[in-house]
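Open the model in your viewer and keep the selection tool at hand. The tour moves one stop at a time.

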Amino acid sequence: MEILVAGKRHPDEGVAFVAEAQSAVQQRVEADAGLKSVQLPFRTTVLLPENSKVQWSNRYKKVHVYENGSDQPESQSQFYRNRTKMKIDPLKTGDLSLTLKHPTDGDSETYTCSVHNRDGDILVKKQVCLQVKVCQVEVEEGAESVLLPFTTTPELPGDVELEWRYGNYVTVHVYQKHSDLPEKQNLLYRGRTQMNEDLVKTGDISLILRRPTVRDSGRYRCEVYSHKENLLREKTVLLKVKERRLVHEGAPLIQSEV
């Protein structure tokens, strides 16, 4: 449910807004890891002036800004750059929904969409709580390799840097200045990791881990940075390496006691 906020009537707008605020129920959206996009829904029946400003934001970042009849990417956080989209003529149709591309658990937040008139008064707003499930990968010990998936928008900034970590402190893989830096890896992962050579161009920053063992099971986190804009992307992958079960020839698969 949207919040209809008291507004002023301007002679040239010709619209009288609801004078009483209504209590809003926060909408919840759940998304599986690996989706190409997710929609944060918001439809309103309130007539909105053509010069209104639409802003989607969360606690710390501007997620998307629509003003003067077009999107304003220069006003949004780099964390969401090239990942958000609104429909054509949202003020006319009343469909203020936002599409977020390549969502990860790092996008799990409460998002607020607010519509402002030319004086900055809020005319209508809504909150949407997005919960993106953490990606989980399973593999059996003895496999040649396992993929920790992470795909985002292509054409990342040229100064992009990224780090895959196990837990909070163990460095698994580092990419800086257009190349891998094996000397910064923990010895446990030295010579066992590989990334896409064209990761900046393709946006595929998945990690291949060779010869996974049971002790590799756990939480892996990738953080993508830019010198200018700090944190650009982030994702968590939970890896479970199952112990290999050996069955001896002639032995029964199930033993039971009577």
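**Stop one: a serine in a strand**

Select S114, which lies in strand 9, residues 109-116. Bear in mind that this is a predicted model.

Is S114 buried or exposed? Its relative accessibility is 9%, so S114 counts as buried; the cut-off for buried is under 20%.

Now show side chains. The S114 side chain makes a polar contact with the side chain of H116, at 3.0 Å. Next, display the residues that S114 touches beyond four places in sequence: K53, V54, Q55, I122, V124 and K125.

**Stop two: the three-stranded sheet**

Move on to strands 12, 17 and 16. They form an open sheet in that order, 12-17-16, with antiparallel pairing. Strand 12 (145-148) and strand 16 (193-195) stand at the edges. Each has a single partner strand, so one side of each has no neighbour in the sheet. On average, neighbouring strands here are turned by 25° against each other, direction ignored.

Select strand 12 together with strand 17 (residues 207-210). Four bridges join this antiparallel pair. To find one of them, pick V146: its bridge partner in strand 17 is L209.

**Stop three: the six-stranded sheet**

Select strands 11, 19, 18, 13, 14 and 15. This open sheet has six strands in the order 11-19-18-13-14-15, and its pairing is mixed. Which strands stand at the edges? They are strand 11 (135-140) and strand 15 (179-180). Each pairs with a single strand, so one side of each is left without a neighbour in the sheet.

Go to the strand 15 edge. Strand 14 (residues 170-176) pairs with strand 15 in the antiparallel sense, over two bridges. Pick Q176 and look across: its bridge partner in strand 15 is S179.

**Stop four: a buried lysine**

Stay with this sheet and select K235. This lysine is found in strand 19, residues 230-242, the strand listed between 11 and 18 in the sheet order.

K235 is buried, yet it has no salt bridge. Which side chain of opposite charge is nearest? D105 is, at 6.8 Å; a salt bridge would need a nitrogen to carboxyl oxygen distance within 4 Å.

Where does the K235 side chain reach instead? Follow it to the backbone oxygen of P149, at 2.8 Å.

Finish by showing the contacts of K235, leaving out residues up to four places away in sequence: T104, D105, C135, P149, F150, Y220, R221 and C222. Both P149 and D105 are in this set.

Note on methods: Residues numbered from 1 in each chain as written. Predicted model: local features only at pLDDT ≥ 70, side-chain atom pairs only at ≥ 80, totals over all residues. Heavy atoms only, no water. Buried < 20%, exposed > 50% of the residue type's maximum accessible area, 1.4 Å probe, protein only. Lys, Arg positive; Asp, Glu negative; His and termini not counted. Polar contact = N/O pair within 3.5 Å; in protein donor to acceptor, adjacent residues only side chain to side chain. Contact = heavy atoms within 4.5 Å. Pairing = 2+ DSSP bridges. Axes fitted to C-alpha atoms, helices over the stretch in contact; angles between N-to-C directions.
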